[in-house]
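Colleague: I am new to this structure and would be grateful for a close look at a single helix and the contacts made around it.

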Amino acid sequence: RVGQHHMELPAILLVGCGSVGSYILPELVNLGFTNIGISDPEKFVSGNSLRHYLGPRSNNRNKTSQLGFFMEYENPLVSVCTVSNLLDLDDNALTDTLSKYDIVIVAVGGTDLQRKFNYRFSKTSSTAWFIYNWLDAEGKGDHTLAMRYTHKGCYNCLFYDDGLSTARNKVSYAD
């Protein structure tokens, strides 16, 4: 629980504060994580209220500032840091940012965006755990891939079959 100091929990960076990421954040807080960074350049649109942690009161406001405010307001011992759009950072700034975190959770909506993050992250010397989380099309399933770039394999490996590049994710239930 937040406020109990039985062990030091790792610092976590949550990339993506949409319909999936906005629900991951409060669960991280419920699990006792107190040092959390969040990154998402988009503003909240009230049309997403049915599938998002934020309600209509946050319409047209930055997702990260709103989520950070509510998490810190409801849990005073939690520190939520807003992180710049990671794709806008140069390689050195990205490496410096990632060095502050032990775990990076990637909860962005599209495969193309996940692959962009994977490419950028793979070029850093980060020793963090990277956890990719995504939902399949048509609500057929969800997936989580935990990996480290210091070990063999990466998110992009899901798009290769027998050494050949493929457009579809080989673990997708929808495909």
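Modeller: The following account takes up helix α2, then the salt bridges, and lastly the region of helix α4. The model is a predicted one.

Helix α2 covers residues 63–74, 12 residues in total. From the first C-alpha to the last, the helix reaches 17 Å, close to the 16 Å expected at 1.5 Å a residue. Its buried residues are K63, T64, Q66, L67, G68, F70 and M71. Among the elements that cover these buried residues are α1 (21–30), β2 (35–39) and β3 (79–82).

Aromatic rings deserve attention within this helix. The count for the structure comes to 6 aromatic pairs. In one of them, F69 and F70 are arranged edge-to-face, with 5.3 Å from centre to centre and 70° between the planes. F70 counts as buried because its relative accessibility is 14%, under the 20% cut-off. F69, by contrast, is partly exposed, with a relative accessible area of 48%. F69 also pairs with Y73: the ring centres are 5.7 Å apart and the planes stand at 20°, so this pair is stacked. Both F69 and Y73 belong to helix α2 and are 4 residues apart, about one turn of the helix. Y73 has 62% relative accessibility and therefore counts as exposed, the cut-off being over 50%.

The beginning of the helix is tied to a preceding loop. K63 forms a salt bridge with D40, and the closest N and O atoms are 3.7 Å apart. This pair links distant parts of the chain, since D40 lies in the loop between β2 and α2 while K63 lies in helix α2, 23 residues apart. D40 and K63 are both buried. Salt bridges with shared partners join D40, E42 and K63 into one network. K43 is also located in the loop between β2 and α2. Apart from its neighbours within four places in sequence, K43 is in contact with N60, R61, N62 and K63. K43 and S65 are 22 residues apart in sequence, and their C-alpha atoms are 9.5 Å apart in space.

A search of the whole structure finds 4 salt bridges. In one of these, the side chains of D91 and R120 meet at 3.3 Å, N to O. D91 lies in helix α3 (residues 91–98) and R120 in helix α4, so the pair ties together parts that are 29 residues apart in sequence. D91 is partly exposed, at 37% relative accessible area, whereas R120 is buried, at 12%. D91 also meets the side chain of K123 in a salt bridge of 3.7 Å, N to O. K123 is in the loop between α4 and β5 (129–135), and this pair too links distant parts of the chain, 32 residues apart. With 46% relative accessibility, K123 counts as partly exposed.

Helix α4 (residues 111–122) also contains N118. N118 counts as buried because its relative accessibility is 4%. Leaving aside neighbours within four places in sequence, N118 is in contact with Y132, Y149, C154, Y155 and N156. Y149 appears again in a cluster of ring pairs that links F117, F121, F130 and Y149. Finally, the charged end of R115 sits over the ring of F159, 4.2 Å from the centre of that ring.

Key: Residues numbered from 1 in each chain as written. Predicted model: local features only at pLDDT ≥ 70, side-chain atom pairs only at ≥ 80, totals over all residues. Heavy atoms only, no water. Helix = DSSP H or I, 4+ residues; strand = E, 2+ residues; numbered from the N terminus. Expected span 1.5 Å × (residues − 1). Buried < 20%, exposed > 50% of the residue type's maximum accessible area, 1.4 Å probe, protein only. Contact = heavy atoms within 4.5 Å. Phe/Tyr/Trp six-rings, centres within 6.5 Å; stacked < 30°, edge-to-face > 60°. Lys NZ or Arg CZ within 6 Å of the ring centre and 35° of its normal.
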